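Student: I would like a close look at one part of this model. Please show it first.

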Amino acid sequence: MEQVEAEQVSSPNFFQKLFQVLKRNKWKTALGVLVLFLGIEFATLPLGEIQRLRTDNPDETAFMQFATDAAEREGKPLRIHQTWVSLRRIPQHTINAVIVAEDGTFWSHGGFDWFEFRESLRRNLTEWRFARGASTITQQLVKNLYLSPSKDPMRKLKEWILTWKIESALSKSRIIEIYLNVIEWGEGIYGVEAAAQHYFGKSASDLTREESARLAAVIPNPKRYHATSESRAVLSRVSTILTRMEARGW
């Protein structure tokens, strides 16, 4: 009896055997772990939430939460300013200004601008730095709603999947409506209505062409540039946006 118990104790347990099997099949193990990791990551994608965006307006976005958490860590609580406004109350020249500034082929592409993507890749490889982006309005919306500001490959892969899903589930008008209501326009300022009130003291429905161009001009870096700024960088971008709008008959 004692001899049997000794043999049982000395024999490898389940985990030891498993470790030995995994050690003998390193590549299969690595592949299995990768597949499991990707499966978990993609199983948590908010695909159901995207379907609800057809009729429901989103609440707090991932970027809002990120900014709030960052402010709290610095001991500077952030107050979010956002007032939802329907697309029909946003002037067409405001919509046009944002489109020519951020995504000129928005109405015709399927979520990805492959020409811009190729040009961005070419320039970034040539200059060996992130010199040019190629995100469409839909991709920007996905990042704002569900992802983080990081640029890691996994986040980019999620962005592509969610971009395809949003383009499949929502109309272009709905996509631009949500985008204009959730993107950041300054510290704690989200959406075109809050931006119009903050910078120009008026409702978004009363924005002029130049005011619209000013708001569109600072979208890439709203913390560095303000829509009312008279800096050379802002004025140059405003001029470019107005010229593009005029060229399109907008």
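Which residues in H8 meet which residues in H9?

Tutor: A word on the basis first. This is a predicted model, where local features need pLDDT of at least 70, side-chain atom pairs count only at pLDDT 80 or more, and totals for chains, interfaces and linings use all residues. Residues are numbered from 1 along each chain as its sequence is written, and side-chain values use heavy atoms, with hydrogens and water left out.

Now the contact. From H8 come Thr-138, Gln-139, Leu-141, Val-142, Lys-143, Leu-145 and Tyr-146. In H9 they meet Arg-155, Lys-156, Glu-159, Trp-160, Leu-162, Thr-163, Ile-166 and Glu-167. Contact means heavy atoms within 4.5 Å. By class, this contact has 7 nonpolar, 3 polar and 5 charged residues. Here Ala, Val, Leu, Ile, Met, Phe, Trp, Tyr, Cys and Pro count as nonpolar, Asp, Glu, Lys and Arg as charged, and the others, Gly among them, as polar.

Next, the geometry. H8 spans residues 137-146 and H9 spans residues 153-169. Helices are DSSP runs (H or I, at least four residues), numbered from the N terminus. The two axes come within 9 Å and cross at roughly 110 degrees. Axes are lines fitted to C-alpha atoms over the stretch in contact, with angles from 0 to 180 degrees between N-to-C directions. H8 and H9 are therefore roughly perpendicular (65 to 115 degrees). Their crossing is right-handed, that is, the near helix is turned clockwise from the far one by less than a right angle.

One residue outside the pair touches both helices' contact residues. His-109 sits in the loop between H6 (92-102) and H7 (114-127). Among the residues that His-109 touches are Thr-138 and Glu-167, which also appear in the H8 and H9 contact. Asp-103, Thr-136 and Lys-172 are touched by His-109 too. At 10% relative accessibility, His-109 counts as buried (under 20% relative accessible area, 1.4 Å probe, protein chains only).

H8 has another role in the packing: the cover of the buried residues of H6 includes H8, along with H10 (172-182), H11 (192-200), H12 (209-217) and H13 (232-247). H6 is mostly covered, with 9 of its 11 residues buried. Among them are Ile-95, Val-98 and Ile-99.

H13 crosses H6 at roughly 110 degrees, the axes coming within 9 Å. These two are therefore roughly perpendicular as well. His-93, Asn-96, Ala-97, Val-100, Ala-101 and Glu-102 in H6 meet Arg-237, Ile-241, Arg-244 and Met-245 in H13.

Notes
Angles under 35 degrees count as roughly parallel, over 145 as roughly antiparallel, 65 to 115 as roughly perpendicular and the rest as oblique. Buried means under 20% relative accessible area, exposed over 50%, partly exposed in between (1.4 Å probe, protein chains only). Lists of a residue's contacts leave out its neighbours within four places in sequence.
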